Amino acid sequence: MDHMSPLERILRAIALALVVLFFMFPIFWIVLMSLQTNETILRSPPSMAFVPTFKNYAAIIAGRLDSNVASMSIHFMGNLMNSVILSVGSVALALVLGVPAAYAFARHKFKGSEDIAFTLLSFRFAPPLLVLLPLTLYFQSLGLANTYVGLIWVYQLICLPLILWIVRGYFEDISPDIEHAYRIAGHGWFATFRKIALPLAGPGIAAAGLLAFIFAWNNFVFALVLASADKQPVTVGALAFVTASGIQYGQIAAAIVMSIAPTLLLALWAQKYLVEGLSLGAVKG
Amino acid sequence: MSVQADMPVMRRSSRLSRTMLPYLLSLPALLVCIGILIPFGTAVYYSLQRYRMSQPWNRGMNWGENYLNFFTDPDFWNTLQVSLTYAGLTVVLELLLGLGIALLLQKRSRVNNFVSIMLLMPLMTAPALAALMFKLMTNSNFGILSYFMQLAGFQDFRWASSPDTALLTVILVDVWVYTPFIMILLLAGLRSLPTQPFEAAALDGVPRLEQFWRITLPMLSPYILTAALFRLLDSIQQFDIIYAMTQGGPGDKLMVFQVEAYLNFFQSTNVGRSAALLMILWAITYVLSNIFVKNWLRLRERARGEA
């Protein structure tokens, strides 16, 4: 059944090439733009012949944007740092809170466990602004407005359900007999959890953590509503940068490349885990 | 010996743990839950109020008035229509494209694996940043896509700045970002299908197109349904792409639920209307998410059973 006519082979190859072109071209083009000066970007017709320059990246890293009119300072590196703090912090907190809870939901069918698990999952699907808008008013009175702690707590809205549901599935796949055997040998539940359950669910925890990191990094609306300029991650910072720098297209492109590079590289490095997590646990292996 | 000495202690602690441990373990998650349910309750309360931040003296309960007003409010109907159109078009386009690509990549080969890894890239790009990328590419002065349109004979194709093509532009960004998600899910589904029905059909000389309609599609349908529902849930709430691209403009062309509610809250400071809008969106997503979760769990059970 694997016999393909030469015509079909060619058509398939063309289709595949078109798919790759459509999905890769925007990234390719933005990278090219980031290596150009405004003069070559604004050429008409557009051309791929130019001498690459790293001036745009240098300007962003140095935090000074010099044009022939004036020079202004930019804080995009601060945005990058905020993204790192918020994403790493949220994933760490979500793992600490979520993995034990996932274990409890998987191993013990206790009263209300399904309800709690479903409530948490339903947050993933509810409109984020529904919670965020009242939170702006609460945060002000609680002193959490524009703090990393407040933001990391809100980021649990996306990170925690993800960790909980993916990791729970992995714990459910571990046979309870293995744990029973270990416990009969005289070990406490915590030792069992640490020595048996955690290592066996390791790949699932890695997949969930990775996915949570990417979702946190890519989040836009939480920080747009709850953070001022000094706490904003790259997603919000880039939008502000576009408004502020106006026509410095090369720098804008460089800022975008620097913002998307971490998640793209992470995805390349760990694509196997990612695909597993993204398939929603619907498919194993 | 020492093991025996430990036994009574262990037994007592295990009895305690059997009842209390699950609660203790899930307590933090529970607290986060409550922390989120409080603002949700507040939103319900606001939606029943006449509440403009600019007129604090005028604040008071008006019960269902915010909701009743929607019936005669053309802006509301515009929001509903734009949101549904956006969600419907993106999901249909992404399903068709995603299924097509999954079928192309179905056979495991080095080229196919490489392409499917490449396709992860758009999905890993933050939607708000993807919108900015397309904004640069559709700039009327130097945008490469505007240039392509010129070559194709559209002299003044203005993408997101024209009311006629704004929707098309944001849908393009959505399709670029999220088609790979559907592709990944359907590809996983395709590769997990049993091979016997296809071998039998091939032996019987059933044409490939008919195999697709009669075997592949029905067996894949649970995956298609799950993917479609999941995307529909996200897409009807789309905010990032539209806000980063045009903030809902030009005019009210792209005023989807969340963008409209955001602007109501922060620009016209009409908290009551904003909360009521979000409650309606929440009701829609609540129904959809219940159907989705049921489907998803059934799919997961099936995948477990076969594994």
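## Exercises on a predicted two-chain model

A compact globule of 285 residues would have a radius of gyration near 19 Å, whereas chain A has 24 Å; the radius is taken over C-alpha atoms, and the globule rule is 2.2 Å times the number of residues to the power 0.38. The model is predicted: local features need pLDDT of at least 70, side-chain atom pairs count only at pLDDT 80 or more, and totals for chains, interfaces and linings use all residues. Residues are numbered from 1 along each chain as its sequence is written, while chains are lettered from A and ligands numbered from 1 in the order in which they are written.

**Exercise 1. Describe the dimensions and content of each chain.**

Step 1. Along its principal axes, the C-alpha trace of chain A spans about 75 × 70 × 35 Å. Chain A holds 14 helices and two strands; helices (H or I, at least four residues) and strands (E, at least two) are DSSP runs, numbered from the N terminus.

Step 2. Of the 285 residues in chain A, 46% are buried. A residue is buried if 20 or more other C-beta atoms lie within 10 Å of its own, exposed if 12 or fewer, and partly exposed in between, with C-beta atoms placed from the backbone.

Step 3. For chain B the radius of gyration is 26 Å, against near 19 Å for a compact globule of 307 residues. Its C-alpha atoms fill a box of roughly 80 × 65 × 35 Å along the principal axes. Chain B has 13 helices and two strands, and 40% of its 307 residues are buried.

**Exercise 2. Characterise the contact of the two chains, and place A:I116 in it.**

Step 1. Chain B contributes 77 residues and chain A 80 residues; two residues are in contact if their C-beta atoms, placed from the backbone, lie within 7 Å.

Step 2. On the side of chain B, helix α1 (residues 2-47) supplies the largest share, 20 residues. That side has 61 nonpolar, 13 polar and three charged residues. Here Ala, Val, Leu, Ile, Met, Phe, Trp, Tyr, Cys and Pro count as nonpolar, Asp, Glu, Lys and Arg as charged, and the others, Gly among them, as polar.

Step 3. A:I116 lies in helix α5 (residues 113-125) of chain A. Leaving aside neighbours within four places in sequence, A:I116 is in contact with B:S26, B:A29, B:L30 and B:C33. A:I116 counts as buried because it has 20 C-beta neighbours inside 10 Å.

**Exercise 3. Determine how helices α4 and α12 of chain A pack.**

Step 1. Helix α4 (residues 76-107) and helix α12 (residues 234-245) of chain A pack at about 160°, with axes 8 Å apart. Axes are lines fitted to C-alpha atoms, for helices over the stretch in contact, and angles run from 0 to 180 degrees between N-to-C directions.

Step 2. α4(A) is therefore roughly antiparallel to α12(A), the class for angles over 145 degrees (under 35 is roughly parallel, 65 to 115 roughly perpendicular, the rest oblique).

Step 3. A:F76, A:N79, A:L80 and A:S83 of α4(A) meet A:V234, A:G237 and A:F241 of α12(A). These residues divide into four nonpolar, three polar and no charged.

**Exercise 4. Locate the unusual backbone geometry in the loops.**

Step 1. The peptide bond from B:G249 to B:P250 is cis, with omega near -5°. B:P250 is in the loop between α11 (240-246) and α12 (257-266) of chain B.

Step 2. B:W159, a residue other than glycine, has a positive phi near 50°. The loop between α7 (144-151) and α8 (166-192) of chain B contains B:W159, which is buried, with 23 other C-beta atoms within 10 Å.
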